[in-house]
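Biologist: I would like a close look at one part of this assembly, with the surroundings described carefully enough that I can follow them on screen. Please take the place where the chains meet as the starting point and work outward from there.

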Amino acid sequence: MKRNSIKLVGQSGSGLLSTGEILANALKNIGFYINTDREFPSLIKGGHSSFQVDFSTEPIRSSTSYADILIGMDEHGLKNYVDKTRKGGIVIHGFERHEKVMKLKKSVEERELKVAYLPAREIAESFGGNVLMTNMILLGLLWKILDFPLEPLEEEVKKRFASKPALLEIDLKCLHKAYESEDTPDLKIEVNKEKPETILINGNYAIGIGGIQAGVRTFYAYPMSPASSILSYLAATYHESGMLVKQAEDEITAVQMTMGAMYAGSRAFTATSGGGFDLMTESVSAAGIMECPLVVVIAQRPGPGTGLPTWTCQGDLNLAIHAGHGEYGKAVLACSDPYSAYEQIQHALNIAEKYQVPVILLSEKEIAESMQTVPRFKEDQIPIERGLTQGKDLEELKSTDRYAITDSGVSKRWIPGSTKTYFYSNSDEHWEDGVLTEEADKAGQMYEKRLKKMETMLSEFPDPIVYGEEDADISFVGWGSSKNVMLDVIEYLKSEGVKVNYLHYDYLWPLKTEKFVEFFDKNKRVCLIEGNHGGQLGQLLEDKTNKLFASKLLKFDGRAFFFDEVLEFIKANHDK
Amino acid sequence: MTNNTIETLQKNKDLYGSYESKEVITWCSGCGNYGIQNALKRAFTLENLDQKDVVLCYDIGCHGNGSDKIDAFTIHGLHGRVISLAAGVATANPKLNVIAHGGDGGTLSEGVNHLIHAIRSNYKVLFLHHNNSNYALTTGQPSSTTPLGQPMNSAPDGVYIDPLNPLDLVLSLNPGFVARTFSGDINHMTEMFRKGLNHNGFAFVEILQVCPTYSRTLTKEWYTERVRDLAENSDYDPTNLEQAKKVASEIEKEIGIGLIYHNPERKEFTDLLPNRQGVETAPVEEVKRMNIQNLLKEFE
């Protein structure tokens with residue numbers, strides 16, 4: 001698989017994001033598979049940001065730590081990122097005083113970089129444009145170097161700036177002017193003959209669409225990076241969906257309203273990041289004892305405290321598993337890419353309603369905010385399973401059915417307004433109709449009933465999935481976005497004659513281990529790949545099975561695993 | 001209570017009886033909660049509300065121990081969070097009659113943000129504020145409405161911070177419905193609860209509640225001497241906010257009870273939603289798979 005990467009660097013607020021999105025969409029429309037990655041600080045203007053687009057004629061899901069082409073939108077970006085350009089790669093920029101940037105000169109020589117420069121500001125101003133339009137000039141120059149037809153790029157620019165026709169005209173002049181450049185560095189990139197059926201979308205939007213598909217009618221949340229765009233997407237689409245979307249006054253309100261809505265019979269969920277989830281944990285515990293369905297999405301970012309608000313990690317697995325005081329049935333799921341985000345939110349809602357438990361769906365900034373090409377979402381694949389008593393069965397209900405002790409731990413559930421048969425939804429310990437009890441026998445039985453759901457879910461949850469070769473030279477176990485880099489690595493190394501396989505967990509709690517043990521026994525060198533310091537999933541698996549990982553690839557600096565970084569790890573570890 | 005209402009109660013005694021519980025009540029004798037629960041059942045009966053259409057939400061505190069002493073759909077949630085929980089129920093199914101109970105600890109300390117934003121959002125919830133001026137279930141610590149100087153558990157030399165007046169706070173927030181009533185007057189409570197049930201929006205009812213065990217100075221007699229029904233004053237205009245604020249805060253000599261403020265112009269939360277104008281169904285009735293083809297176009 002031939003990978004290509006373009007990295008745009010510049011100041012936050014200088015149009016980097018829209019330029020990156022135009023670029024990614026234009027490449028997609030030519031027929032490429034895309035993976036994007038944004039690095040940006042937690043501020044609105046200033047500070048350096050980057051937008052990387054990795055693309056290929058085959059499915060691509062990860063980023064490289066370097067870029068083939070660097071587009072420097074300002075001096076700071078050029079200086080700081082020039083060494084992230086692949087040796088022999090291309091630097092595109094429009095910085096007039098580049099002769100004075102010694103660092104740039106030195107790196108260009110040392111790394112044998114080709115430089116393509118246009119006096120971007122001058123050109124933009126000659127058309128009556130402003131500094132933001134230099135982005136169009138750099139895009140035009142890039143397109144010339146890539147030797148792609150201008151039309152798909154032009155279309156994207158038109159789409160993006162349709163509401164500002166006067167500016168659009170100048171934008172297009174800038175684009176054309178730069179595309180007419182001569183003597184640009186040569187680059188031949190293979191193009192797909194047929195355009196694949198894909199959509200380019202990020203994980204947060206995918207969760208929103210999954211929720212809409214699954215009949216979510218009420219959504220309550222408090223903004224927190226990197227979960228906020230679930231809220232803004234559901235708000236932006238509420239005229240179409242008719243969904244009731246409420247920005248609550250805090251995370252506790254958001255989770256309480258979500259519980260109240262689920263109790264009343266709506267489908268609802270909420271979304272936050274680790275810090276906001278900390279505030280919700282008492283409610284998660286209450287949902288446990290009240291057996292109230294609840295779905296919370298955690299879009300993870302590194303903690304502790306405010307941590308790195310706009311960066312990524314897999315650091316909150318233990319938080320999710322151990323959230324809330326007391327012991328009770330709870331499920332933890334993860335998603336790995338936009339398609340799985342679309343599916344997992346639907347499964348999370350089903351599990352929450354079927355087993356009447358809180359469900360935590362883990363996402364990551366890397367999934368939440370990075371666009372990726374994925375197959376167009378299929379509808380009607382996941383049935384809506386509500387586990388509600390309905391219709392004629394409502395007439396047969398007794399109040400004590402609500403929390404009746406059962407083998408599976410799951411009792412009947414119905415909603416107020418549907419029948420006279422009331423029950424008490426009680427966060428105090430209670431007996432079968434919800435009436436408070438402090439009797440030892442009843443309290444013990446009810447405590448155990450709720451925990452029986454863990455065994456029930458364990459037996460009914462899907463196993464983790466093995467990707468890659470049998471007889472692997474090196475094997476990995478992981479969850480979340482690690483799957484993306486592992487799939488890219490497996491495919492790439494296959495062509496290099498190195499066999500790699502990967503066991504991926506989408507369902508993390510209750511934790512299934514049979515498949516893991518089997519995987520361990522079949523493979524000679526099983527490593528862990530995880531985006532946190534403790535190797536949290538690894539520890540759980542080691543504790544439960546006594547199988548010890550040969551080595552652990554852990555990362556906790558706010559960045560996702562880079563493709564080349566995993567290759568290096570494999571090189572260093574596979575024949576040990 | 002008029003003869004008329006007594007007649008209606010007698011006529012609908014089955015409905016009243018349907019809310020009666022066989023569970024053993026655990027409140028202290030003389031507790032204000034008996035009267036409140038009784039008045040609530042009367043109000044349901046007089047408003048002809050079926051058990052199936054009522055959801056009662058309880059905070060944590062002595063009032064919360066009544067959550068399983070009434071035969072109805074009840075939720076007994078977490079301390080300080082009852083307003084948000086009730087708002088979740090009410091927004092998901094506006095066709096239900098949602099009543100939330102909260103004490104002075106949960107409402108004015110732990111969860112005061114929820115109160116502020118519920119008034120602002122104007123969810124259709126009848127909120128009964130059980131103000132007994134102390135944390136009774138944790139054995140008598142002072143709350144933010146305990147009088148200055150009152151010795152309490154955890155304030156052995158007397159409370160040394162000025163108390164809050166809940167209605168001062170509430171009336172500063174452009175509310176739709178504010179009433180004050182007294183746990184010693186079941187008839188008055190019944191009337192206030194009925195008015196609150198008929199208000200389309202957030203109805204705040206402060207109940208001056210006696211606590212015979214821990215609130216030693218604010219006794220039934222103390223309140224009875226001071227409460228004065230605003231209905232007796234023909235000049236009182238509950239749509240006049242300035243007048244309402246005066247009545248709310250001037251409580252030294254006498255305490256005005258009754259409908260203190262009413263602003264029928266404020267729209268209920270669901271009616272404010274730009275995307276649900278004219279929608280007749282409740283969200284709970286709309287849960288089904290939805291077509292996403294249109295939404296996907298943006299990402300093609």
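In which sense do strand 15 of chain A and strand 2 of chain B pair, and over how many bridges?

Modeller: This is a predicted model, and what follows should be read with that in mind. Strand 15 of chain A and strand 2 of chain B, the latter spanning residues 73-76, pair in the parallel sense over 3 bridges. One residue pair to look for is Ser425(A), whose bridge partner in strand 2 of chain B is Ile75(B).

That pairing belongs to a wider meeting of the chains, in which 56 residues of chain A are in contact with 47 residues of chain B. On the side of chain A that touches chain B, at least two residues each come from several elements, including strand 7 (198-202), helix 8 (203-213), helix 12 (274-290) and strand 15 (424-426). The most is given by helix 11 of chain A, with 10 residues. Sorted by character, the residues on this side of chain A are 24 nonpolar, 20 polar and 12 charged.

To place these elements in the chain, it helps to recall that chain A is divided into domain 1 (4-179), domain 2 (200-375), domain 3 (391-460) and domain 4 (465-573). The centres of domain 1 and domain 3 of chain A, taken over C-alpha atoms, are separated by 59 Å.

Strand 9 (244-247) of chain A, which also supplies at least two residues to the side touching chain B, leads into a sheet of chain A. That open sheet has 7 strands in the order 9-8-10-11-13-12-19, with mixed pairing. Strand 9 and strand 19 (507-509) of chain A stand at its edges with a single partner strand each, so one side of each has no neighbour in the sheet. On average, and with direction ignored, neighbouring strands of this sheet are turned by 20° against each other. At the strand 9 end, strand 8 (residues 218-221) of chain A runs parallel to strand 9 and is joined to it by 4 bridges, and Phe219(A) has Val245(A) as its bridge partner in strand 9.

A further open sheet of chain A is made of 5 strands in the order 16-18-17-20-21, again with mixed pairing. Its edge strands, pairing on one side only, are strand 16 (465-468) and strand 21 (551-554) of chain A, and the twist from one strand to the next averages 25°. Strand 16 of chain A is joined by 4 bridges to strand 18 (residues 500-505) of chain A, and these two run antiparallel; within that pair, Gly468(A) has Asn501(A) as its bridge partner in strand 18. Helix 18 (residues 514-522) of chain A packs on this sheet, where it touches strand 16, strand 17 (474-479), strand 18 and strand 20 (526-530) of chain A, and its direction makes about 165° with that of strand 18 of chain A. Helix 20 (residues 563-573) of chain A packs on the sheet as well, touching strand 17, strand 18, strand 20 and strand 21 of chain A, with its direction at about 165° to that of strand 21 of chain A.

Turning to chain B, strand 3 (residues 97-103) has 7 of its 7 residues buried, so this strand is largely enclosed by the rest of the structure. From strand 3 of chain B, Asn97(B), Ile99(B), His101(B) and Gly103(B) point one way, while Val98(B), Ala100(B) and Gly102(B) point the other way, and all are buried. Strand 1 of chain B runs parallel to strand 3 of chain B and is joined to it by 5 bridges, with Ala100(B) in strand 3 as the bridge partner of Cys57(B). Strand 4 (residues 126-131) of chain B also runs parallel to strand 3, joined by 5 bridges, and there Leu126(B) is the bridge partner of Ile99(B).

Helix 10 (residues 241-249) of chain B has Ala244(B), Val247(B) and Ala248(B) as its buried residues. Seen down the axis of helix 10 of chain B, these buried residues fall within an arc of 100°, so they line one face of the helix. They pack against helix 7 (166-171), strand 5 (177-182) and strand 8 (255-262) of chain B, whereas the face of helix 10 turned away from the buried side carries the exposed residues Glu242(B) and Ser249(B).

Methods: Residues are numbered from 1 along each chain as its sequence is written. Chains are lettered from A and ligands numbered from 1 in the order in which they are written. This is a predicted model: local features need pLDDT of at least 70, side-chain atom pairs count only at pLDDT 80 or more; totals for chains, interfaces and linings use all residues. Domain bounds come from an automatic or database domain assignment. Two residues are in contact if their C-beta atoms, placed from the backbone, lie within 7 Å. Ala, Val, Leu, Ile, Met, Phe, Trp, Tyr, Cys and Pro count as nonpolar, Asp, Glu, Lys and Arg as charged, and the others, Gly among them, as polar. Two strands pair if DSSP finds at least two bridges between them. Axes are lines fitted to C-alpha atoms, for helices over the stretch in contact, and angles run from 0 to 180 degrees between N-to-C directions. A residue is buried if 20 or more other C-beta atoms lie within 10 Å of its own, exposed if 12 or fewer, and partly exposed in between; C-beta atoms are placed from the backbone. The arc is that of the directions from the helix axis to the C-beta atoms.
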